[in-house]
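Thanks for coming, everyone. Let me put the structure up on the screen, and then I'll walk you through one part of it.

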Amino acid sequence: MQLPPQQSRRARGPQSVADCGGLGGLFTKAAALETLDQQLRQRLLPTLAEQVRLGGVHGERIVFVASSAAWASRLRMEQAAILRLARILGLSARVLIVKVAPLPACPPEPAKRLVLSRAAAHHLRTAASSLADPELRARFLALAALAES
C-alpha cells in the first residue's frame, strides 16, 4: 500500500481552498492510514498494540504515537520488525519515529437500549392518573407508551 507522496508545505506556499481538493481525498488518505495502522499493529503484542497508534507516514519515515515513554521504548525494540513489515506492505520506510502523547479516547460503544416492561408501564400510567400537573402527566404517559407491547 503506497500512500500519496507529500510535498513540503514550505515549498508549495499558501494555496487557495479551491486548489486543496475535496474532502474525498482526505477521507481516502485517512482510510489508507487506518488500514496501514491496523496492519502494522497486528504484528505487535496485544498489550503493546493497544498503547500505540500510527501517526503518519512521511516519505521514508513512519511516525508512531505511544501513550507513555515506557510503551515508546517497547515499540522502539520492535523497530526492525515494523520497518520490515512496512517495506513488505509497499512503503519505502527506513526510519521509525516514536512520539509520546496521550492516545485519543476510543468512542464509547452505543448504550444498549433498555426495554420498559409492561408492569413498569402500568405503574407509570397509574402514577400519571394521580398527578395534577398536566405536563408531568403527559410525560409519564409518554414514558408508559415506550413499553414493550
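**Two helices and a sheet**

Let's start on the outside of helix α4: the face turned away from its buried side carries Ala69, Ala70 and Met77, which are exposed. Exposed here is over 50% relative accessible area, buried is under 20%, and partly exposed is in between, with a 1.4 Å probe and protein chains only.

Quick housekeeping. This is a predicted model, where local features need pLDDT of at least 70 and side-chain atom pairs count only at pLDDT 80 or more, while totals for chains, interfaces and linings use all residues. Residues are numbered from 1 along each chain as its sequence is written, and side-chain values use heavy atoms, leaving out hydrogens and water. Helices (H or I, at least four residues) and strands (E, at least two) are DSSP runs, numbered from the N terminus.

Back to α4, residues 69-77. Which of its residues are buried? Trp71, Ala72 and Leu75. They cover an arc of only 105° around the axis, so they sit on the same side of α4; that arc is taken over the directions from the helix axis to the C-beta atoms. As general background, an α-helix has 3.6 residues a turn, so residues three or four places apart point the same way.

What do those buried residues pack against? α3 (46-49), β1, β2, α5 and β3, with contact meaning heavy atoms within 4.5 Å. And Trp71 has company: Arg74 lies over the face of its ring, 4.8 Å from the ring centre. To count, CZ of Arg or NZ of Lys must be within 6 Å of the ring centre and within 35 degrees of the ring normal.

Now the sheet. It's open, with three strands in the order β1-β2-β3 and mixed pairing; strands pair if DSSP finds at least two bridges between them. The edge strands, β1 (52-58) and β3 (95-100), each pair on one side only. Strand β2 (residues 61-66) runs parallel to β3 over six bridges, and Ala66 stands opposite Val100 in β3.

α4 lies across β1, β2 and β3, at about 170° to β3. Angles run from 0 to 180 degrees between N-to-C directions, using lines fitted to C-alpha atoms, for helices over the stretch in contact. Helix α5 (residues 79-88) packs on the sheet too, touching β2 and β3, at about 120° to β3.

In α5, Ile82, Leu83, Leu85 and Ala86 are buried. Their arc is only 160°, which puts them on the same side of α5. Their cover includes α2 (23-41), β2, α4 and β3.
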